Amino acid sequence: MLCKVLKLTNGDTLIGNVVEESRSYIEVHRPMKVVLAPRISDNHMFSLSMMKWDPLMNFSIPARIFKQSIVSVSEATIEIVRVYGEAYNEFDSDNEPEHDIKIDDESQSEDRMSEIKEEIDRMRMAITSSNNHILH
C-alpha cells in the first residue's frame with residue numbers, strides 16, 4: 001500500500017493508502033480529509049487535522065475515487081504519513097457508533113410505513129370531521 005495525497009476537483013485534499021488503480025479510478029483504503037487552519041498566533045503556521053472523508057461510508061472498505069474527480073496525486077511526506085498513521089490508529093481504536101446503527105429490515109420498514117399511513121388517515125379525519133368549525 002502506498003500512502004498518497006490526492007487533490008480533488010471539489011477542493012478536498014485526501015490522504016490514504018492506494019490499494020488499486022485502474023484506467024478510470026483509484027481505490028483508497030481509509031481516505032481521510034486533510035483540514036488546514038491558520039494559527040492565530042503565527043501568520044506562517046498552520047494546524048493540520050484529519051477526519052474521515054465521508055463519515056457515512058464503511059471505513060474498512062476502500063473508497064473508489066474516479067480519476068475524473070482527481071486533480072493531482074503525490075507522495076505524502078514522512079511527517080504526514082506519521083500523522084495519518086496516528087489518525088488511522090485512533091479511528092481503529094474508537095468504538096464508533098456506526099457499529100450500533102440499526103438498519104431496518106424490510107418487515108420493519110413496512111411496519112413503519114403502515115404507522116405513517118395510519119397517522120395520515122387520523123390527521124385527515126381530524127381535518128374533515130364535522131366537529132371542526134372555521135371561524136373568520
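Hi everyone. Let's start with burial: this chain has 136 residues, and 25% of them count as buried. Please keep in mind that what you see is a predicted model. As for the surface, the accessible area of the chain comes to about 10,500 Å², and carbon and sulfur atoms account for 54% of that.

Now the layout. There are six strands and two helices, and along the sequence the order reads β-β-β-β-β-β-α-α. How much of the contact count comes from residues far apart in sequence, 24 or more positions? Taking contacts with a separation of 6 or more, such residues account for 53%.

Let's go inside. The largest nonpolar core has 12 residues: Cys3, Val5, Ile15, Met32, Val34, Met50, Phe59, Ala76, Tyr84, Ala87, Tyr88 and Phe91. Which elements give two or more residues to this core? They are strand 1, strand 3 and helix 1, which covers 78-93. Helix 1 is the top contributor, with four residues. There is also a second, separate core of eight residues, and Leu8, Leu14, Val28 and Ile70 are among them. As a general point, nonpolar side chains in soluble globular proteins tend to be buried together.

One residue of the largest core that I'd like you to find is Tyr84. Setting aside residues up to four places away in sequence, Tyr84 touches Cys3, Ile15, Gly16, Asn17, His29, Arg30, Met32 and Met50. Two names there lead us onward. Cys3 is a fellow member of the largest core, and Arg30 has its charged end over the ring of Tyr88, 4.7 Å from the ring's centre.

Next, the aromatics. How many aromatic pairs are there? The count is two. One that I'd like to show you is Tyr25 with Phe66, an edge-to-face pair at 6.3 Å centre to centre, with 75° between the planes. Why does this pair tie together separate parts of the chain? Tyr25 is in strand 3 (residues 25-38) while Phe66 is in strand 5 (residues 63-66), so the pair links parts that are 41 residues apart in sequence. Are the two partners buried or exposed? Tyr25 is buried, at 13% relative accessible area, whereas Phe66 is partly exposed, at 42%.

Stay with Tyr25 for a moment, please. The charged end of Arg64 sits over the Tyr25 ring, 3.9 Å from its centre. Arg64 has another partner too: its side chain makes a polar contact of 2.8 Å with the side chain of Glu27.

So, over to Glu27, which is found in strand 3. Is this acidic residue buried or exposed? Glu27 is buried, because its relative accessible area of 13% is under the 20% cut-off. What surrounds Glu27? Beyond its neighbours within four places in sequence, Glu27 is in contact with Asn17, Val18, Val19, Glu20, Pro62, Ala63 and Arg64.

Last stop, a loop. Gly11 lies between strand 1 (2-8) and strand 2 (13-21). With a relative accessibility of 57%, Gly11 counts as exposed. If you look across to Val71, 60 residues away along the chain, the C-alpha atoms of Gly11 and Val71 are separated by 9.1 Å.

To recap the residues to click on: Tyr84 for the largest core, Tyr25 and Phe66 for the edge-to-face pair, and Glu27 with Arg64 for the polar contact. Thanks for listening!

Terms used: Residues numbered from 1 in each chain as written. Predicted model: local features only at pLDDT ≥ 70, side-chain atom pairs only at ≥ 80, totals over all residues. Heavy atoms only, no water. Buried < 20%, exposed > 50% of the residue type's maximum accessible area, 1.4 Å probe, protein only. Contact = heavy atoms within 4.5 Å. Areas by Shrake-Rupley, 256 points an atom, 1.4 Å probe, with all protein chains shown as cover. Phe/Tyr/Trp six-rings, centres within 6.5 Å; stacked < 30°, edge-to-face > 60°. Lys NZ or Arg CZ within 6 Å of the ring centre and 35° of its normal. Polar contact = N/O pair within 3.5 Å; in protein donor to acceptor, adjacent residues only side chain to side chain. Core = buried A, V, L, I, M, F, W, Y, C linked by side-chain atoms within 4.5 Å.
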